[in-house]
Amino acid sequence: MLVGQTIGTGAYRFEVERELGSGAMGAVYLAQFHRDGSVVPVALKVVLMGLHGNEGAMARFEREANILKQLKHPHIVRLHATGTYRKTPFIAMEYIDGEPLDKLLGRRGRLGWEEVVVYSKHLCEALQYAHDKGIIHRDLKPSNLMLTSEGDLKLTDFGIAKDTDVTALTGANSTIGTAAYMSPEQCRGDKNLTNKSDLYSLGIVMYELLTGRKPFMAETTVDMFLKHVNDEPPRIGKQVADLPSKLEMLILQLMAKHPDERPTDGAWVVRMLNEVEEDFFTRKSAGLAAVTNRRADRPRNFDGSKLDDEDKDAARALRGKKKKTKKKEVVPFFQKQEVKIAGIVLLLAAMLGGAFIALKPPSASKLAKAMDDASTPEDKLEAATKYLERHGDTPGEMTDRAATVFRDAATRKREDQLTKRFVNKMQKPDDADDKEAYEAAWQAMEAERNGLLSFADEFWKKVKARFPEEAKLPFALKDEVLAKARWGWVADKKLADLRKVAALSGTTAATIKKNRQFEIAFPTEQTNPEALAIRGYRLEAFGDGDKAGRVWEQLATLTEKDSDKREWYLLACQQRVANPKSADGGAKMRPALVEKHVVAARDAAAIAKASPDDRLKGIETRNLCREIVDLYDDEADAAIKGFVKQAKEIAATVPK
Ligand code: ATP
Ligand code: MG
């Protein structure tokens, strides 16, 4: 026992205070390290076995310790000094106020995946740093991972005194504890270990932290070795409900039997872990509103129908949410996950060396690219379907995007179909279609055509409430589910279009105001919805409701079948109703109306000429003239033609 003793003398000494714990090599003590007047607490590890009296081993110990002293990293326990005390070597390392992960695990059973990701990143950074210096840890395990009270993970016991080979480990002093984390190549006694060996152990550690169990259990060290070499680890998905599949795949990859199949290095693993976190974070913050919006007042499912499990899983994967624990029910999600992981394991086994590729983004990104390259909605839908069939329940930005493409394309297809049917007056739904939803949609479209937008809003809400659960799905691969889901998606799109109408009238009014103020020419293209809307509003302001109604009619016809311009159609319908046609097409009142404006323009011109310094008067006059010219240039009526001519002349007399 060293407690109470002083090792060394004078300015360079250790005062041993108490035992911190002990492991295979001996005990670890808390000591105060006095060095040239300063005092630091250290963990003093006395190496009891293997080296005593062995000069060669002692020399190796010294050599190795000197290398390890150079390791300075926030996630590596610093090695302060080494020495011998009565021919027994010791190492003095940074004292960590915290506890090793094996103890933490003992207390808590297992850790949440978010926490595991954080610690794993610390660990990978430490490993990358050491590996870059050519140092392999060789004994990665929870007891060598100290967690500080600040939540920083620190890797300790780097390679020191671990030049013990397999034969030593299988000997009397060996611990099954160490064997549980050893890579297959380590188990085989490979002398040329690479960083990949540490990555394997990392995989085992992550596995254990997440599940609370080691992937392999064995009675003897040799049995354990055989399992590392031959056995596939049991799937994690079965044990950890909310585990992101990307994280699970990463762990499987780390535990690959062949070093070549494992990730390249710690830095790569950090990137993957960041992705796992980002996926989760973006999903959380983006919220996938439609999916996560579980409101208490949401309408009841009319027929009480159940969603297809696969599609529910899809939604859940995108939400990154734990399956709602509803009183012990069978968990199809896991079954599916199992199938998937089993597939991956098979793949890993089958494609030595190349297996890695199957798990890495390329195939997914290839499918995503096909999606981006597709130009027609049909092609986009097809590409997105392909992507989602393979990667649909792997959460991530790409999957979210694929889901968006899928949903948009499927929605559009359905919307176009409904519009066509409406235009063709096919009021009777197909047998395969849901009658109730179809009827509500039909009423909504009729309300829209009649400019009764608030009624339309009501009817689309009714459509949406028909299959409320399916409506929340980000995508649906099964036909029956899709048939229901897209009713909700179409309704969502229609409701969004209705909301855009108010904004449109606002922006159009602003454009008109600005163009008048700065005397900017108004757009005239007959195929530009905005140009037509501007004209409609100007005619309304002029007092020519009849002519405005015709322009709104023109806009409605132009945009009726175009789902991208739906909001213009709705605006047109709304304004068309507000500006009904008169019996004679306004023929009687129009010349008088235009004349009234010409008189007003002439009066304004007189004032403008009297005050040439008042620029605004000039602008006002020219605008009055411009309305007459722009809006009535197309008239065949002789009187109106005359007024247009006068308006042009008046405008020319006003000083600029
Ligand atoms: P192994 O000998 O295989 O590494 P082990 O990691 O279980 O096994 P030790 O490394 O000897 O055992 O550590 C024993 C205990 O000492 C640890 O569980 C921990 O509680 C304590 N300890 C080790 N290093 C430090 C340190 N740097 N600071 C504080 N406590 C430490
Ligand atoms: Mg240790």
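This passage describes the binding sites of ligand 1 and a magnesium ion in a predicted model. Residues are numbered from 1 along each chain as its sequence is written.

Ligand 1 is surrounded by 23 residues (each with a heavy atom within 4 Å of the ligand), and the closest are Lys 45, Lys 141, Ser 143, Asn 144 and Asp 157. By class, this shell holds 11 nonpolar, 6 polar and 6 charged residues. Asp, Glu, Lys and Arg count as charged; Ala, Val, Leu, Ile, Met, Phe, Trp, Tyr, Cys and Pro count as nonpolar; the others, Gly among them, count as polar. Domain 1 (1–95) and domain 2 (98–288) both contribute to the shell, so ligand 1 lies between them. The domain bounds come from an automatic or database assignment.

Polar contacts (pairs of N or O atoms within 3.5 Å) reach ligand 1 from several residues. A polar backbone atom of Glu 94 lies 2.9 Å from a nitrogen atom of ligand 1. A side-chain N or O atom of Lys 141 is 2.4 Å from a ligand oxygen. For a polar side-chain atom of Lys 103, the distance to an oxygen atom of ligand 1 is 3.2 Å. Alone, ligand 1 exposes 610 Å², and the protein buries 92% of that (Shrake-Rupley method, 1.4 Å probe).

The magnesium ion (ligand 2) is coordinated at 1.9 Å by Asn 144 (OD1) and Asp 157 (OD). Donors are N, O and S atoms within 2.8 Å of the metal (3.2 Å for Na, K and Ca); water is not among the atoms, so sites may look incomplete. Asn 144 is buried at 3% relative accessibility, and Asp 157 is buried at 11%. Buried means under 20% relative accessible area (1.4 Å probe, protein chains only).

Note on methods
Chains lettered and ligands numbered in written order. Predicted model: local features only at pLDDT ≥ 70, side-chain atom pairs only at ≥ 80, totals over all residues. Heavy atoms only, no water. Polar contact = N/O pair within 3.5 Å; in protein donor to acceptor, adjacent residues only side chain to side chain. Buried < 20%, exposed > 50% of the residue type's maximum accessible area, 1.4 Å probe, protein only.
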